[in-house]
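Please open the model in a viewer and keep the selection tool at hand. The tour below proceeds by selection, one stop after another.

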Amino acid sequence: MTRGAALIVVAAAVLWVQALAGDAAVGSAATALALGFTLLGAALVGDVLGRFSLPRITGYLLFGALAGPYLGNLITEGMAGQLQVVTGIATTLIALIAGLTLNVGRLGQRLRPIVQLTGVTLLIVTSGLALVAWIAWPWLAIAPGADGLQRLAMIALLAVMVASFSPTMTAAVITETGARGRLSELVLAMVVLADLALLIAFSLALAFARVTFQDGGGDGAGLIGRLAWEIGGAVAFGVLVGALFALYLRYVGREVPLVLLGVCAVLTQVGSTQQFEPLLAAVAAGLVIENLSVAQGDALKSAVQRSVTPVLIIFFAAVGASLRLDTLATLGAVALAVALLRTGLIRLGVATGLRVSGFDAGTGSHAWTGLVSQAGITLGFASVVSTEFPSWGGQMQTLLAALVALHELAGPILFRQGLARAGDLEPVTPRPLVVVSNREPYLHRTMADGSIVATPATGGVAVALDALMRERGGVWIAHGAGDADRLVVDATDTVRVPPQKPAYDLRRLWIDEPTFSSYYGGFANEGLWPLCHQVDVRPKFRSEDWMAYRYVNERFAAAIHEELQQANTSVFIQDYHLALVAPALRVYRPQARTALFWHIPWPHPDRLRICPWRRDILAGLLSNDLLAFQLERDRHHFLAAAGEELGAEVELEASRVRYDGRYSHVVSVPIGVDYDHIQEIAASPELEGEQRRLRDLFCLKAKVVGVGVDRLDYTKGIPERLAALDQIVRLRPELRGQLTFVQIGVPSRSELDSYAAVEQEVGAQIAEINARHAVPGGPPLIRYHTSPLTLSSLVALYRMADFCIVSSLHDGMNLVAKEYVAARDDAGVLVLSSWAGAAQELTDALIINPYDVDGFAEALLTAIDMPADEQALRMRAMRRIVAGRNVFGWASDILEGLESLWTKPLHYSVRGWEGTSV
Ligand code: GDG
């Protein structure tokens, strides 16, 4: 509707501009308008076709083909030029996407049969076409009189051109339909491999034609040199550009869509000026990026999706405009016969190839549908031939244009049907999800006036999972902890959330005392937490806590069983409280699909031996289809323990473990923060007011401000941090009154002795240090604040702090470190413990060992004295890393990883930890 209205407005504007046509000044306006007109018109026709379950691409093409001749009257020279640039970049972009789709590692053992299948298909199609062309030559009206070597050269070129496939169309149909599965993967691999071979065959056939037609076409060495440059130069340039782009993704990683388009523009431009095949270069670049770079979460995928759609619409509309339906009318019968022959040969080739290669015939039998389309590469070949050999190349081009018209219109429809039959279109509609956690995303509380208010959980993890649930719908199962939680649920203990715009169910589980304390406070927090964190707090393992833990985990499993509507719904389990949920669930639902993320470190196998029930925990975790840790170090420790304790078969290369007759994939996926949201808060106009408020609240007058934000937990190394602060003021007394350190320390798990002890220790230590360094009338050295702040206040505080200290004695990741970086511009220093998982990524922080007070104090002084340009350099490098992997990427990596286990083998980046020194 909106698009229709917009189209009318643009059409009116186009007519108006046309009326002003005499005025030269309207040139660029006309270009922009005509581009807009094409974009909207084609998008609209695509939408209409989409409603009838036909490919949108066909709609774009049709719009181009039908409106093309009229557009021809409208468009200015400027627009024609712009369109050419856009279509050139689009073709390269899609060749690059084609390369990105071929992951050799992911195809693994299937690569060999795919290569065989492609080879046999190509051989049958090209030789079949050549044979028929030889016989039917007199009727083809190309150069009927030609004979001998010349006829052979022409037929070789014709066979290669007619056989060629379209990565553009294949990738576009897959992108547009959101298809996932074995057929999409197979066809993309076949098309890319086949076109790579055909690009080389074309260069060879062209050289042969030059020799036979141009009286030798120069000396042999020159010819080989030119060929080597066309093919080798393209591949080498593509590899170089791909490697640079991979480095960019790894170390910079921002503005990906723009840079991606820039890369395509460079490939197109350099290819045409340096006389090598830009498409080959683009495929090579894509292959390098996909196969050599470290996977970058969602950044590249979403960039491609975002940038591809409008470019594709324009591209296909422009291709449609050049389809020349009139040619089709005159050459109709011949073109139709060739098209039918080509399709028949493709079917024969695939069927024979399947027998030879032994590739799965179920999927393979639909592969031919994806090989019918033809577009840019074929037309590109044809234009080269017609330029070099005008006497007969022109006729070939006309025939190919007619063929492309037929194949472009029929190909996407056929392929879409093939994808549907092969089951690759199933996951298009987002499937509901089940999230399971101890803590709930919304708590209902009774206010003083008797009203009930829903409070959302704070913290990036809860926010990211909540966003995912809003998008996909489903059920979140959690322990009901709010005092008004029971008042708002229905008969099935469920309430729709978020309260303002309900999108999913929150199913609450009631766990009474003393069971809850035993399960949560006892086994999870007095047993597993200190077991997994290498700190001097002894884990306490009591049988009654273990019984409660098992019982509560079984209750969670029973709730999942009740809520699980379909066997293939993904279940995403959070953290160490729920290690036994998966095995309990498998009793009811052996086929359930579960992933568990372990947010805290996993201990060394020697330390794990402290736990009497370690084997049950290990086996329980291996009941998940996917098990994810923060770091490689944790993953290695887990795999070692699985082998040692259970005798499980560990396949290190494949990241999976076989135990008790089933496979579990074990990966590392470091968590991130909601970078964009934090940056938004940092840039908001309210920030300044909030900073004023905080300055008053904390009486911040000092020249230098530092900050620490933690749950009051003994793992966070707060006493060590206070000792280092004490030390620097002893070393440099002039800092008294000049330095204020704001410590936000929100009490948590206070009912446990170990936590009560750290609360007391920190309080007493701060009082003592402040007294020691007190300046009459001046601010205290440490401002201690124990009630939680809102995220906006936190961001305001981060931005006021010249340095931030994260001094964990051991930490899975530590989100405060990443939040501080996300909130900053160029200034500020992060002092970060090497024992926090974040230190593996944020290597530009000042890395400290919290146990070494002198070294720690020295680092603090370095932070205070650090020149602005060094701060900026370090902060920029860290910001790129934090921006490149946000919390949404983390969640979707895990879920897509889980879902892909049933479609394609898992492919994860693996991060090493060996580089970190302690
Ligand atoms: C585990 C792992 C891993 C703190 N005070 C306030 C406040 N916070 C927020 C911070 C941050 C979060 O709490 C604490 O982050 P941590 O990373 O330290 O988390 P843990 O609680 O230890 O949790 C840890 C994490 O899971 C995620 O996987 O990183 O290693 O132990 O986001 O900002 N937030 C607000 N007000 C406060 O006063 N709004």
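Begin at the ligand and select Gly-812: one of its backbone N or O atoms lies 3.0 Å from an oxygen atom of the ligand. Please bear in mind that this is a predicted model.

Extend the selection to Met-813, where a backbone N or O atom is 2.8 Å from a ligand oxygen. Add Asp-811 as well; here the contact comes from the side chain, with an N or O atom 2.6 Å from an oxygen atom of the ligand. Taken alone, the ligand exposes 730 Å², of which the protein buries 87%.

Next, display the shell around the ligand. Two or more residues are given to this shell by each of strand E13 (704–712), strand E14 (739–747), helix H30 (791–800) and helix H31 (815–823). H31 supplies the largest share, three residues. In total, 22 residues surround the ligand, and the closest are His-599, Leu-789, Asp-811, Leu-815 and Glu-819. Colouring the shell by character shows 13 nonpolar, five polar and four charged residues.

Move now to Asn-814, in the loop between strand E16 (803–806) and H31. Although Asn-814 is not a glycine, its phi is positive, at about 85°. Asn-814 is also buried, with a relative accessible area of 7%.

A second residue of this kind is Asp-575. Select the loop between strand E7 (570–574) and helix H22 (581–588) to find Asp-575. Its phi is positive, about 75°, and it is not a glycine either. Asp-575 has a relative accessible area of 11% and is buried.

The following stop concerns two prolines. Select Pro-498 in the loop between strand E5 (494–497) and strand E6 (504–509). The peptide bond that joins Val-497 to Pro-498 is cis, and its omega is near -10°. Continue to Pro-514, in the loop between E6 and helix H20 (515–532). The bond from Glu-513 to Pro-514 is likewise cis, with omega near 0°.

Finally, select the cysteines. How many disulfides does a search of the whole structure find? The search finds zero. A disulfide is a covalent bond between the sulfur atoms of two cysteines. For Cys-611, the closest cysteine sulfur belongs to Cys-532 and is 8.8 Å away, so the two are too far apart for a bond. The cut-off for such a pair is 2.5 Å. Is Cys-611 buried or exposed? Cys-611 is buried, at 1% relative accessible area, whereas Cys-699 is partly exposed, at 30%.

Definitions and conventions: Residues are numbered from 1 along each chain as its sequence is written. This is a predicted model: local features need pLDDT of at least 70, side-chain atom pairs count only at pLDDT 80 or more; totals for chains, interfaces and linings use all residues. Side-chain values use heavy atoms; hydrogens and water are left out. Buried means under 20% relative accessible area, exposed over 50%, partly exposed in between (1.4 Å probe, protein chains only). A residue is near a molecule or strand if one of its heavy atoms lies within 4 Å of it. A polar contact is a pair of N or O atoms within 3.5 Å; within protein, one must be able to donate a hydrogen and the other to accept it, and residues adjacent in sequence count only if both atoms are side-chain atoms. Accessible areas come from the Shrake-Rupley method with a 1.4 Å probe; for residues, only the protein chains shown count as cover. Helices (H or I, at least four residues) and strands (E, at least two) are DSSP runs, numbered from the N terminus. Ala, Val, Leu, Ile, Met, Phe, Trp, Tyr, Cys and Pro count as nonpolar, Asp, Glu, Lys and Arg as charged, and the others, Gly among them, as polar.
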